[in-house]
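Please work through the following exercises on charged side-chain pairs, each of which is followed by a stepwise solution.

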Amino acid sequence: MKFTTRTIVLSVLGLILVIGFFMGCSAQRNMVAKEEAVITQWAQVENVYQRRADLIPNIVAVVKKYSEFEAKTLENIVNARAKATSININPENLDEASLQKFENAQNTLSASLGRLLMVTENYPDLKSSTKFDALMTELEGCENRITFQRQVFNEKVQDYNTYIRRFPNNMFAGFFGFERKAVFKMKQGSDTTPDVEKLME
């Protein structure tokens with residue numbers, strides 16, 4: 001009788017271990033897939049920010065052609081661009097601090113770009129330049145894409161974070177080293193895309 005009871009107990013424990021193993025494998029595969037989706041989307045976020053940064057040298061080059069343009073304004077935007085493009089973030093370790101550092105640099109660049117566009121008001125010839133107008137149209141498109149890609153990124157991160165926090169996934173997440181990732185936080189007025197033309201008015 002003892003042997004039978006022991007056999008049953010061992011069989012049940014073995015079954016629990018097998019079920020736990022397969023549940024863990026399934027959870028780990030899903031966590032990897034969701035984390036990869038976050039990483040892929042982060043690359044899209046970086047791509048649209050880089051596209052905006054790549055426009056800046058062209059904007060500066062066009063603006064420089066107009067004599068006596070504020071040199072300090074141009075210097076500020078060049079420096080802000082250099083800082084923004086120098087920050088590299090590992091999307092596998094996307095915590096609040098690293099994302100905040102990235103966002104601060106991008107916000108500084110946005111502010112410098114906004115000041116540059118406001119100063120162009122003093123240069124009617126520059127505002128009427130077809131090349132400058134084309135760059136402003138492209139910049140507006142970049143701002144729209146940035147807003148969209150940030151939103152998609154937040155959705156992917158929310159999906160990932162929710163998945164790893166649900167029971168029983170949360171037990172496996174810690175074991176496999178999956179941690180919550182940070183999202184872009186909305187600032188006041190950031191729910192609307194910057195209007196480049198309004199900045200220039």
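The exercises below treat salt bridges and the burial of their partners.

The model is predicted, so local features need pLDDT of at least 70 and side-chain atom pairs count only at pLDDT 80 or more, while totals for chains, interfaces and linings use all residues. Residues are numbered from 1 along each chain as its sequence is written, and side-chain values use heavy atoms, with hydrogens and water left out.

**Exercise 1.** Determine how many salt bridges the structure holds, and place the partner of Lys 181.

*Solution.* A salt bridge is a side-chain nitrogen of Lys or Arg within 4 Å of a carboxyl oxygen of Asp or Glu. The structure holds 6 of these salt bridges. One of them joins Lys 181 to Glu 35, with the closest N and O atoms 3.0 Å apart. Lys 181 belongs to the loop between helix H6 (169-176) and helix H7 (196-200), whereas Glu 35 belongs to helix H1 (residues 2-64), and the two are 146 residues apart. Helices (H or I, at least four residues) are DSSP runs, numbered from the N terminus.

**Exercise 2.** Decide whether Lys 181 is buried or exposed, and do likewise for Glu 35.

*Solution.* Buried means under 20% relative accessible area, exposed over 50%, and partly exposed in between (1.4 Å probe, protein chains only). Lys 181, at 5%, is therefore buried, and Glu 35, at 13%, is buried as well.

**Exercise 3.** Characterise the salt bridge between Lys 185 and Glu 96.

*Solution.* The closest N and O atoms of this pair are 2.8 Å apart. Because Lys 185 lies in the loop between H6 and H7 and Glu 96 in helix H3 (residues 96-119), the pair ties together parts 89 residues apart in sequence. Lys 185 is partly exposed at 48%, and Glu 96 is partly exposed at 45%.
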